Amino acid sequence: MTSDTATTENTMTPWEQLRAEALECTRCPLAQERQQVVFGEGPVPCDFLFIGQGPSESDDATGRNYNGPSGEVLDKALTQAGLSRANIYVTNITLCAAFEGSGKPRKLRPPKAAEVRTCRPWLDQQLALIKPRIIVCSGAVAAREVIDRKFKLAEQRGQWFDGPHNTRIIATWQPAYLMRLSQHDRPRAVEGWRQLVDDLRQAANAIAAT
Ligand code: SF4
């Protein structure tokens, strides 16, 4: 190790150190499909943690969370709920995108249980540094991993649950799901959008009240 390297490592924050380690991760098969690991982003520590399913194709290409069209939907919903991405830490259940087959354009798939399990320590280590008070799980994969394995998103979204380290957790729709839904069922997508904003507003109010 050169003295320059030693100096750089010594000045890294615990979060920067964790991120640097995660960016090299090859623990599960998603490492073969990804362009890059997409680590969490936001203030550290942070009262508000938003957990999605996994990086989109655009996130995979840029290395930034909620970077593409679903990020625009999320930002719009956050604004309507009185929130801002600048005050939220955003990460995903898996830090690498999960693709179906190798065709172009690449089609996303939900991560497999083993992939989620293997990636879980990265989430736990982020949690320990972020120390959130409120967690929003976006989509069933995140809710089943963080709240309850039998979580039913359509029935239980918008309700509060106790989480680890005195956190409170609420689940809501995935922005990407609402985008897909709007292509074939506009009324349900509009209702889902209203619920997404309501759920985020509940989370904003919960933070304001504590
Ligand atoms: S998904 Fe998680 S465990 Fe799998 S390679 Fe990426 S960072 Fe590592």
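**Exercise 1. The loop with Y66**

Task: Find where Y66 lies in this predicted model, and state what sign its phi has.

Solution.
Step 1. Locate the residue. Y66 sits in the loop between α4 (57-62) and α5.
Step 2. Read its backbone angle. The phi of Y66 is positive, about 45 degrees.
Step 3. Compare with the general rule. Most residues other than glycine have a negative phi.
Step 4. Check the residue type. Y66 is not a glycine, yet its phi is positive.

**Exercise 2. The bond before P45**

Task: Decide whether the peptide bond joining V44 and P45 is cis or trans.

Solution.
Step 1. Place the residue. P45 belongs to the loop between α3 and β1 (48-52).
Step 2. Look at omega. For the bond between V44 and P45, omega is about -5 degrees.
Step 3. Name the bond. V44 and P45 are joined by a cis peptide bond.
Step 4. Recall the usual case. Most peptide bonds are trans.

**Exercise 3. Helices α5 and α10**

Task: Work out how α5 and α10 are oriented to each other, and which residues meet.

Solution.
Step 1. Take the angle. Helix α5 (residues 69-80) packs against helix α10 (residues 186-209) at about 55 degrees. Their axes are 8 Å apart.
Step 2. Classify the pair. The range for roughly perpendicular is 65 to 115 degrees, and roughly parallel needs under 35. So α5 and α10 are oblique to each other.
Step 3. Give the handedness. The crossing of α5 past α10 is right-handed.
Step 4. List the contacts. From α5 come A77, L78 and Q80; from α10 come L196, V197 and L200.
Step 5. Sort them by class. This contact has 5 nonpolar residues, 1 polar and no charged.

**Exercise 4. Helices α2 and α6**

Task: Do the same for α2 and α6: what is their angle, and how are they oriented?

Solution.
Step 1. Take the angle. Helix α2 (residues 14-22) and α6 pack at about 170 degrees, and their axes lie 10 Å apart.
Step 2. Classify. Angles over 145 degrees count as roughly antiparallel. Therefore α2 is roughly antiparallel to α6.
Step 3. List the contacts. P14, W15, L18 and A22 of α2 meet W122, Q125, Q126 and L129 of α6.
Step 4. Sort them. The contact of α2 with α6 has 6 nonpolar residues, 2 polar and no charged.

**Exercise 5. Around the ligand**

Task: Describe the shell around the ligand: which residues come nearest, and which helix supplies the largest share?

Solution.
Step 1. Count the shell. There are 15 residues around the ligand.
Step 2. Pick out the nearest. These are C25, C28, L95, C96 and C119.
Step 3. Trace the helices. α3 (30-33) and α6 (113-130) each give at least two shell residues. The largest share, 4 residues, is from α6.
Step 4. Sort by class. The shell has 10 nonpolar, 3 polar and 2 charged residues.

**Exercise 6. The whole protein**

Task: Test the overall size of the protein against a compact globule.

Solution.
Step 1. Count the elements. The protein has 10 helices and 7 strands.
Step 2. Get the spans. Along its principal axes, the C-alpha trace covers about 60 × 45 × 30 Å.
Step 3. Compare. A compact globule of 210 residues would have a radius of gyration near 17 Å. The protein has 17 Å, so the two agree.

Terms used
Residues are numbered from 1 along each chain as its sequence is written. This is a predicted model: local features need pLDDT of at least 70, side-chain atom pairs count only at pLDDT 80 or more; totals for chains, interfaces and linings use all residues. A residue is near a molecule or strand if its C-beta atom, placed from the backbone, lies within 6 Å of it. Ala, Val, Leu, Ile, Met, Phe, Trp, Tyr, Cys and Pro count as nonpolar, Asp, Glu, Lys and Arg as charged, and the others, Gly among them, as polar. Axes are lines fitted to C-alpha atoms, for helices over the stretch in contact, and angles run from 0 to 180 degrees between N-to-C directions. A crossing is left-handed if the near helix is turned anticlockwise from the far one by less than a right angle, and right-handed if clockwise. Two residues are in contact if their C-beta atoms, placed from the backbone, lie within 7 Å. The radius of gyration is taken over C-alpha atoms; the globule rule is 2.2 Å times the number of residues to the power 0.38.
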